[in-house]
Amino acid sequence: LFTYAQAAQGSHSEEWKVKSPLTSDCRGVQLDAADNVYMLDGRAGVAKYNADGKLVWKFVLPVKSQEHVCRAFAVDEEGAVYVGVSEGYPMVDAKLWKYRVRDAGESVPNQEWEVALDGYVEQVKLRNGYLYAAMNNTSTGASRIDVYRLIDTAVPEIAWSRSQVPYPIN
């Protein structure tokens with residue numbers, strides 16, 4: 001994650017300062033309504049920075065394999081983080097999680113739920129109380145979208161799911 005801040009505004013030789021809070025790979029970035037920055041760090045880490053670039057918290061997702069990589073995630077209006085496993089072996093252990101800070105005194109988010117999947121999560125979107133997860137199954141070649149209802153429920157309820165089977169190539 002890189003934040004660029006101008007050192008001398010309006011000067012002839014503009015200098016830019018680069019801040020890189022973490023040293024591992026950044027695999028995605030999201031913002032919330034308060035301009036906090038959330039990033040996927042390395043294979044399965046999540047970090048939150050405030051609008052000034054100060055680290056608020058970071059943690060590692062409970063992936064089942066060191067081979068799992070998380071690239072798909074979203075952040076809701078309340079700062080809850082939704083993250084899915086996007087690659088790695090074994091695929092049958094891929095998960096989708098929701099984490100959030102429940103109380104102001106907590107230093108790290110708590111897991112609210114997890115969903116077992118039969119594919120890798122490529123994208124996660126949130127809209128109007130629903131979570132949309134675009135997935136691929138590398139064993140069958142099928143792709144799928146699962147839509148989960150999040151409103152008034154402690155765990156996500158599947159609203160609908162559609163699969164696409166790959167077309168035969170002749």
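These are my notebook entries on strands, cores, salt bridges and ring pairs in a predicted model.

**Entry 1: the four-stranded sheet**

I started with the sheet order. I found an open sheet of four strands, running β3-β4-β5-β6, with antiparallel pairing. β3 (26-31) and β6 (55-60) are its edge strands, each with a pairing partner on one side only. I also looked up the turn between neighbouring strands here: it averages 15°, direction ignored.

Then I went to the β3 edge. Strand β4 covers residues 37-41, and five bridges join β3 to β4, with the two running antiparallel. For one point of register I noted V29, which stands opposite M39 in β4.

**Entry 2: β7, β8 and β9**

Next I followed β8 and its partners. I have β7 at residues 69-75 and β8 at residues 81-87. They run antiparallel, and six bridges join them. One pair I wrote down is V69 with its bridge partner E87 in β8. The β7-β8 hairpin has five residues between the strands, and there G79 takes a positive phi near 85°.

On the other pairing, β8 meets β9 in the antiparallel sense over four bridges. Here I picked out Y82, which stands opposite K98 in β9.

How much of β8 is buried? Six of its seven residues are, so I put the strand down as mostly covered.

**Entry 3: two nonpolar cores**

I turned to the cores. The largest nonpolar core has 18 residues, and the members that touch the most others are V46, L61, C70, F73, V81 and V83. β4, β6, β7, β8 and β9 are the elements that give two or more residues to this core.

I chose C70 for a closer look. Leaving aside neighbours within four places in sequence, its contacts include R27, L40, L61, V63, V83, V85 and W97. R43, A44, G84 and S86 are also among the contacts of C70.

There is a second, separate core of 15 residues, and among its members I noted Y82, W113, V115 and Y148. Y82 is thus the residue I had already met opposite K98.

**Entry 4: salt bridges**

I counted seven salt bridges in the structure. I went through three of them.

E87 with R71: the closest N and O atoms are 2.4 Å apart. E87 sits in β8 and R71 in β7, so this pair ties together parts that are 16 residues apart in sequence. Are the two buried or exposed? E87 has 35% relative accessibility and counts as partly exposed. R71, with 32%, is partly exposed too.

K98 with E112: the closest N and O atoms are 3.3 Å apart. This one links distant parts of the chain, with K98 in β9 (residues 95-100) and E112 in β10 (residues 110-116), 14 residues apart. K98 has a relative accessible area of 14%; that is under 20%, so I list K98 as buried. E112 is partly exposed at 25%.

E157 with R149: their side chains meet at 3.5 Å, N to O. E157 counts as partly exposed at 38% relative accessibility. R149 is partly exposed as well, with 29%.

I also checked for shared partners. R71, E87 and E122 are joined into one network by salt bridges that share partners.

**Entry 5: aromatic pairs**

Last, the rings. I got four aromatic pairs. The one I wrote up is F59 with Y99: ring centres 4.7 Å apart and planes at 40°. Why is this pair tilted? Planes under 30 degrees apart would count as stacked and over 60 as edge-to-face, so 40° leaves the pair in the tilted class.

F59 lies in β6 and Y99 in β9, so the pair ties together parts that are 40 residues apart in sequence. F59 is buried, with 11% relative accessibility. Y99 is buried too, with 7%. I finished with the wider group: ring pairs link Y38, W57, F59 and Y99 into a cluster.

**Cross-references**

Some strands came up more than once in my entries. β6 is an edge strand of the open sheet, gives two or more residues to the largest core and carries F59 of the tilted pair. β9 pairs with β8, holds K98 of a salt bridge and carries Y99.

Notes
Residues numbered from 1 in each chain as written. Predicted model: local features only at pLDDT ≥ 70, side-chain atom pairs only at ≥ 80, totals over all residues. Heavy atoms only, no water. Pairing = 2+ DSSP bridges. Axes fitted to C-alpha atoms, helices over the stretch in contact; angles between N-to-C directions. Salt bridge = Lys/Arg side-chain N within 4 Å of Asp/Glu carboxyl O. Buried < 20%, exposed > 50% of the residue type's maximum accessible area, 1.4 Å probe, protein only. Core = buried A, V, L, I, M, F, W, Y, C linked by side-chain atoms within 4.5 Å. Contact = heavy atoms within 4.5 Å. Phe/Tyr/Trp six-rings, centres within 6.5 Å; stacked < 30°, edge-to-face > 60°.
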